[in-house]
Amino acid sequence: MINTFCKMPLWEAGPTLVSVAQGMRPAETVITNARLVNVCTHEVQEHIGVAIACGRIAAVLDVTAIQACIGEGTEVIDAQGQYLAPGFLDGHMHVESSMVGVGEYARVTIPHGTVGIYFDPHEICNVLGIPGVRAMLDDAHRVPLKSMLTTPSCVPAVAGFEDSGAVIGPEEVAESMTWPDTVGLGEMMDFPGVLSGAPRDTGEIAATLSADRVVTGHYSVPETGIGLNAYVASGISSCHESTRPEDLLAKMRLGMYGMMREGSAWHDLHDLAPVITAGDVDTRFALLVSDDSHPHTLVEQGHLDHLVRRAVEEGIDPVTAIQMVTINCATCFRMEQDLGSIAPGKCADIVFLDNLCDLRVTRTIIDGRLVAEDGHITFEVPLYTYPSWATHTMHVRGAITPASFSIPLTEADANEARAHGGTAMVRVIEVIPARVGDYERHLRLPVTDGRIEGDAEQDALKTFVFERHHGTGTVGKGFV
């Protein structure tokens with residue numbers, strides 16, 4: 001896949017890199033006295049120097065040999081024994097979950113070592129369609145974070161089941177595949193549609209594969225036999241929905257990239273890590289992804305550096321964990337020629353770490369440019385204002401008043417309530433903390449004036465969903 005996310009393509013930079021590597025012309029930047037986390041060979045190399053030119057790496061040599069790349073005008077950065085790792089890549093995430101745009105997202109994540117995101121702007125697309133995606137890309141272009149688009153595939157998520165503000169199909173996907181920002185198709189949530197051969201889903205997959213792009217997945221059922229095989233056979237090459245170790249292992253065994261999720265809401269790493277720590281399988285198909293990172297998580301814990309720390313806490317070797325947010329991710333999207341490792345010819349996306357225990361990021365370099373140091377960005381973020389059509393999208397029929405939150409009894413419920421002391425048996429959703437799934441429960445809830453009420457003592461609260469795209473007046477009502 002041709003990479004448009006580096007400062008200069010390799011075919012243009014190549015002659016300069018060849019000269020710099022041989023000491024025939026000076027490097028723009030040279031890093032000395034570093035410990036290299038070599039994700040290509042899973043080792044840490046001591047006393048290493050790195051020469052950079054044209055936004056790419058020209059040479060990786062010992063500190064003595066790297067001196068030949070230093071000349072007049074070369075900026076020399078003494079790593080003072082710190083570790084150098086490739087810049088971190090998030091293989092599946094939704095910027096909108098952070099409640100900010102890409103520019104502000106870059107401001108908070110780049111100091112944590114994140115240099116690139118493979119983002120699925122499903123939420124904004126669900127409201128605004130393709131124009132919303134383009135607006136988000138305009139926002140992304142003002143910052144150095146490499147924002148690689150995976151076009152939202154399921155808008156609505158399941159056709160005929162959900163309300164959405166827009167509809168995406170094969171034609172829209174095919175158009176997006178011509179954009180330089182697009183590297184693949186966002187998570188194919190409608191796995192029933194894939195297995196049944198639904199035209200929308202199979203058409204979107206075909207449009208992506210025929211454009212030589214990657215199809216990302218969402219196979220969330222605990223079935224690892226015929227259905228999973230069929231899903232992988234469609235051309236879908238990754239999945240972030242594993243919640244059991246057997247799910248992750250089955251997907252990896254079928255050549256699917258198993259994305260271990262550790263975001264704000266979903267904490268799957270603890271259950272999935274044993275697949276890696278057992279040491280029985282190759283880890284090349286294992287990734288760490290955030291999926292959804294809320295603002296407090298980013299500010300208080302970090303981004304991919306937090307995921308790597310969590311992996312180490314779960315017993316995963318630090319170099320292996322770093323591979324899961326670097327070379328494994330780049331290979332998943334067929335971009336390893338340019339991204340994911342510190343090696344000659346690769347983009348100079350480099351993270352400085354003070355140790356391999358708490359993995360504190362001290363510097364971040366993107367395309368050879370220092371973009372963050374000691375927790376602060378070193379670049380300016382130009383102002384970006386989303387167009388008014390993107391910020392006036394709440395279309396709910398009628399006014400929302402206290403009466404809108406009434407759940408009336410059916411006649412059958414009313415008869416039962418009279419027979420059971422003014423209570424009704426109600427189907428309730430029980431949330432499983434930090435997990436995707438939930439439990440079906442049945443509780444007796446109080447009835448007042450023909451309405452079912454919540455019951456704080458049982459932690460049973462009303463929950464409502466108001467259709468907000470087309471003013472249809474549709475409302476979903478229930479208890480959680």
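These are my notes from looking through a predicted model, entry by entry.

**Entry: the disulfide**

I went for the cysteines to begin with. The structure holds one disulfide, and I found it between Cys6 and Cys347, with the sulfur atoms 1.7 Å apart. The torsion about the S-S bond is 85°, and the link of Cys6 and Cys347 is right-handed. I then checked which parts of the chain the pair ties together: Cys6 sits in the segment before helix H1 (10–21), while Cys347 sits in the loop between helix H15 (327–332) and strand E14 (350–353). That puts the two cysteines 341 residues apart, so I noted the pair as a link between distant parts of the chain. Both Cys6 and Cys347 are buried.

**Entry: other cysteines**

Why does Cys329 not bond with Cys332? I looked up the gap: the Cys332 sulfur is the closest cysteine sulfur to that of Cys329, but at 6.2 Å it is too far for a bond. Cys329 counts as buried because its relative accessibility is 0%. Cys357 is another matter: I have it down as exposed, since its relative accessible area is 63%.

**Entry: Arg56**

Next I clicked on Arg56, which lies in strand E3 (residues 56–62). Buried or exposed, I wondered about Arg56? Arg56 counts as buried, because its relative accessibility is 1%. What does the side chain of Arg56 make a polar contact with? I found the side chain of Asp338, at 2.9 Å. I listed the residues that Arg56 touches beyond four places in sequence, and both disulfide partners, Cys6 and Cys347, are among them. The list also includes Ala13 and Leu17, two residues of H1 that are buried.

**Entry: helix H1**

That took me to H1. I compared its span with that of a straight helix of twelve residues, which would cover 16 Å at 1.5 Å a residue; H1 spans only 14 Å between its end C-alpha atoms. The buried residues in H1 are Ala13, Gly14, Thr16, Leu17, Ser19 and Val20. I noted that an α-helix has 3.6 residues a turn, so residues three or four places apart point the same way. What covers the buried residues of H1 includes strand E2 (43–53) and E3. Just after H1, I saw Gly23 with a positive phi of about 75°.

**Entry: helix H7**

I ran the span check on H7 (residues 199–210) too. Its twelve residues should span 16 Å at 1.5 Å a residue, and the end C-alpha atoms are 16 Å apart, so expectation and model agree. In H7 I found Arg200, Asp201, Gly203, Glu204, Ile205, Ala207 and Thr208 buried. Among the elements covering them are helix H5 (170–176), helix H6 (191–196) and strand E10 (214–217). Strand E9 (182–188) and strand E11 (236–239) also belong to that cover. Just after H7, Asp212 takes a positive phi of about 65°.

**Entry: the eight-stranded sheet**

I traced the sheet from one edge to the other. Eight strands form an open sheet with parallel pairing, in the order E6-E7-E8-E9-E10-E11-E12-E13. Strand E6 (88–93) and strand E13 (286–289) are the edges, each pairing on one side only. Neighbouring strands are turned by 30° against each other on average, direction ignored.

I then went through some of the pairings. Four bridges join strand E7 (residues 114–119) to E8, and I picked out Ile117, whose bridge partner in E8 is Ser147. Three bridges join E8 to E9, where Leu149 has Thr182 as its partner. E9 and E10 are joined by three bridges, with Val214 in E10 as the partner of Gly184.

How many residues of E8 (residues 146–151) are buried? I got six of its six. Lys146, Met148 and Thr150 point one way from E8 and Ser147, Leu149 and Thr151 point the other way, and all are buried.

**Entry: Ser176**

Last, I followed E8 outwards to Ser176, which lies in helix H5. Ser176 is buried, as its relative accessible area is 0%. Leaving out residues up to four places away, I found that Ser176 touches Thr151 and Thr182. The side chains of Ser176 and Thr151 make a polar contact at 2.7 Å. I also looked at Leu149: it is 27 residues from Ser176 in sequence and 9.3 Å away in space, C-alpha to C-alpha.

Notes: Residues numbered from 1 in each chain as written. Predicted model: local features only at pLDDT ≥ 70, side-chain atom pairs only at ≥ 80, totals over all residues. Heavy atoms only, no water. Buried < 20%, exposed > 50% of the residue type's maximum accessible area, 1.4 Å probe, protein only. Polar contact = N/O pair within 3.5 Å; in protein donor to acceptor, adjacent residues only side chain to side chain. Contact = heavy atoms within 4.5 Å. Disulfide = S-S within 2.5 Å. Expected span 1.5 Å × (residues − 1). Pairing = 2+ DSSP bridges. Axes fitted to C-alpha atoms, helices over the stretch in contact; angles between N-to-C directions.
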